[in-house]
Amino acid sequence: MRVSRRKIQKSSQNGVYACVATVDDQDQEEGSWDEYVSWHLVKDDGCGGDLVAPDSLKNHNREGRHRCSRSLSLEIEIGMAVEELPDEVIVEILSILPAKSLLRCRLVCKCWLNLISSTKFKLMHLHNFNQLNPRYFVRRLFLVDFKVEECYDVHLDDEAFTLDRSTQIEFPFDRIRESYCFRIVGCCHGVVCLYDEDENISFSWDMVILWNPSIRRKLTLTLPIFNPIKSSVVLGFGYDKVSDDFKVVSLTYDWSSFSTRPKVEVYIVKTGFWRKVVFPGDLRCFNIQSAWSQIFSNGCVHWIARDPTPGVSRYSIMTYDVTTELFGEIQLPEFSDEKHLLRVSVVGESLAAIYLHHLGSGSAYVVMVMKEYKNPNSWTMLYSTQYTGLAMWIPLRLRNNGDMIVELENRDMVMFNHNDGRYVYVFRGGEEGCYSNSKTCVDRYEESLALLDVGDSIPNKEAMEALMMIQNQGMRL
């Protein structure tokens, strides 16, 4: 059992809070709603404050009562019928349930089916649930029986970056070329955009996938307009809040001349087609390497781009607004130069840039944050730090609080706490048998209902193995 906690609503007459819903995480294909959901109400003594249901409530039945000890006396009452709750309270409670539980809630009645399928509720759930449960995922590679396996772990957004053992992500896709892994383009609204990467052969467009791991849904993109053979392709991924749609933007660069401006096309999920977009002729920095980072924030995709003019060393952040479908440019701080490796990231909702400079026995980092979006004068240095000893690779991610996650050359992962200046080990990748430290990825893990009505459902491996076993037995008979 798992308990979500949040104060919902208080009645002015009796001081009752609709506090939590307890949901059994086990899959149930059949059975009534009351079999696996209990509504818990908390009665306040008038002192106010957020009330938390104790863990001992997990084993109580609907008729039980419990008194929890706290600085103020509280009484927990269980057993109020769902029908007695106001509609707005039911909606609030549903919005803080895990996405997997909401899939089962759609089976309760047609009203709940329509509610949970609506755009307004999907956005409400995305905000409410993930605000209460901020987390990150870490993708690492392991070599198992001479085959590269992708492993996804979920970490809590706490001070220690604690591993969330209660959340398991099963990577369901098989690669066309077993010697390579999927590259993660970006994550947005709980959806991961990835493609089957081959660093030596032409880009593989038939394996560009949008994946929602929280509800096990996927969408495989159709073929693009431009042929990527003998080209370098850069992807971007974001969500258009005006049209309530996901978009994938593709920039195709000619290998023979990187000074040539890219051909651009946009894939729109609701239409299922690619559409050509005109690239502006006045951007000075427009050359992007496919291995460079991208981030979606403030309605725009962001890449680090450089000026391809020979003899010129100039970088900036190139933007693509997924709503207006217009490109733009954000100037970086003045001290950027070719001696630094750059990475774009976010701190909270603020755009950030990480400068990495390799030293003889370590690495130096400078983290800049843009206080006012698209205002170059608002760049402010959040902190600078050095790490001596093993050489570091490009930092993986900045957390919401500004702490930096970096992977060492020996595949260990460390986190820099910028408040006390300490480096803390997250895990020892070398000891655990991590295969590659150039493909590790860290991004926000958000549960959502995105792709609920498009694409395909992904069966879990256990179900598929059981089905294959039944089929094989039938063939023997």
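# Close-up views of a predicted model

**View 1. Strands β14 and β15 pair through a hairpin.** Strand β14, covering residues 263-268, and β15 pair in the antiparallel sense over five bridges. This and every other view shows a predicted model. Within the pair, Tyr-267 has Trp-274 in β15 as its bridge partner. The two strands β14 and β15 form a hairpin with four residues between them, and in that turn Gly-272 has a positive phi of about 75°.

**View 2. An open sheet of four strands contains the β14 and β15 pair.** The strands follow the order β12-β13-β14-β15 with antiparallel pairing, and the sheet is open. Its edge strands are β12 (231-240) and β15 (273-277), each of which pairs on one side only. Ignoring direction, neighbouring strands of this sheet are turned by 25° against each other on average. At the β12 edge, ten bridges join β12 to strand β13 (residues 245-254), and these two strands run antiparallel. Leu-235 can be used to find the register here, since its bridge partner in β13 is Ser-250.

**View 3. Two residues in loops between strands have a positive phi without being glycine.** Asp-244, which is found in the loop between β12 and β13, has a positive phi of about 50° although it is not a glycine. Its relative accessible area is 25%, so Asp-244 is described as partly exposed. Asn-298 is found in the loop between β16 (294-297) and β17 (300-306), and this residue, also not a glycine, has a positive phi of about 55°. With a relative accessible area of 42%, Asn-298 is likewise partly exposed.

**View 4. Strands β20 and β21 form a hairpin with two residues between them.** Strand β20 (residues 341-347) is mostly covered, with five of its seven residues buried. Seven bridges join β20 to strand β21 (residues 350-359), and the two run antiparallel. Along this ladder Leu-342 stands opposite Tyr-355 in β21. In the turn of the hairpin, Gly-348 has a positive phi of about 65°.

**View 5. Thr-319 is a buried residue of strand β18.** Thr-319 lies in strand β18, which covers residues 315-321. Because its relative accessibility is 2%, under the 20% limit, Thr-319 counts as buried. When its neighbours within four places in sequence are left aside, Thr-319 is in contact with Cys-300, Val-301, His-302 and Trp-303, with Leu-326, Phe-327, Gly-328, Glu-329 and Ile-330, and with Tyr-373 and Lys-374.

**View 6. Helix α1 packs obliquely against helix α4.** The axes of helix α1 (residues 87-94) and helix α4 (residues 119-132) come within 9 Å and cross at roughly 55°. That crossing angle makes α1 oblique to α4. On the α1 side the contact involves Val-91, Glu-92 and Leu-94, which meet Phe-121, Met-124, His-125 and Asn-128 in α4. By residue type, the contact of α1 with α4 divides into four nonpolar, two polar and one charged.

**View 7. Helix α3 packs roughly perpendicular to helix α4.** Helix α3 (residues 110-117) and α4 pack at an angle of about 70°, and their axes are 5 Å apart. An angle from 65 to 115 degrees counts as roughly perpendicular, which is why α3 is described in this way relative to α4. Leu-115, Ile-116 and Ser-117 in α3 meet Thr-119, Phe-121 and Lys-122 in α4. The residues of this contact of α3 with α4 divide into three nonpolar, two polar and one charged. Phe-121 of α4 is listed in the contact with α3 and also in the contact with α1.

**View 8. The whole chain gives the setting for the close-ups.** The protein chain has six helices and 29 strands. Of its 477 residues, buried ones make up 51%. Among contacts between residues at least 6 apart in sequence, 52% join residues that are at least 24 apart. The chain exposes about 23,100 Å², and carbon and sulfur atoms supply 50% of that area.

Key:
Residues numbered from 1 in each chain as written. Predicted model: local features only at pLDDT ≥ 70, side-chain atom pairs only at ≥ 80, totals over all residues. Heavy atoms only, no water. Pairing = 2+ DSSP bridges. Axes fitted to C-alpha atoms, helices over the stretch in contact; angles between N-to-C directions. Parallel < 35°, antiparallel > 145°, perpendicular 65-115°, else oblique. Contact = heavy atoms within 4.5 Å. Nonpolar A, V, L, I, M, F, W, Y, C, P; charged D, E, K, R; others polar. Buried < 20%, exposed > 50% of the residue type's maximum accessible area, 1.4 Å probe, protein only. Areas by Shrake-Rupley, 256 points an atom, 1.4 Å probe, with all protein chains shown as cover.
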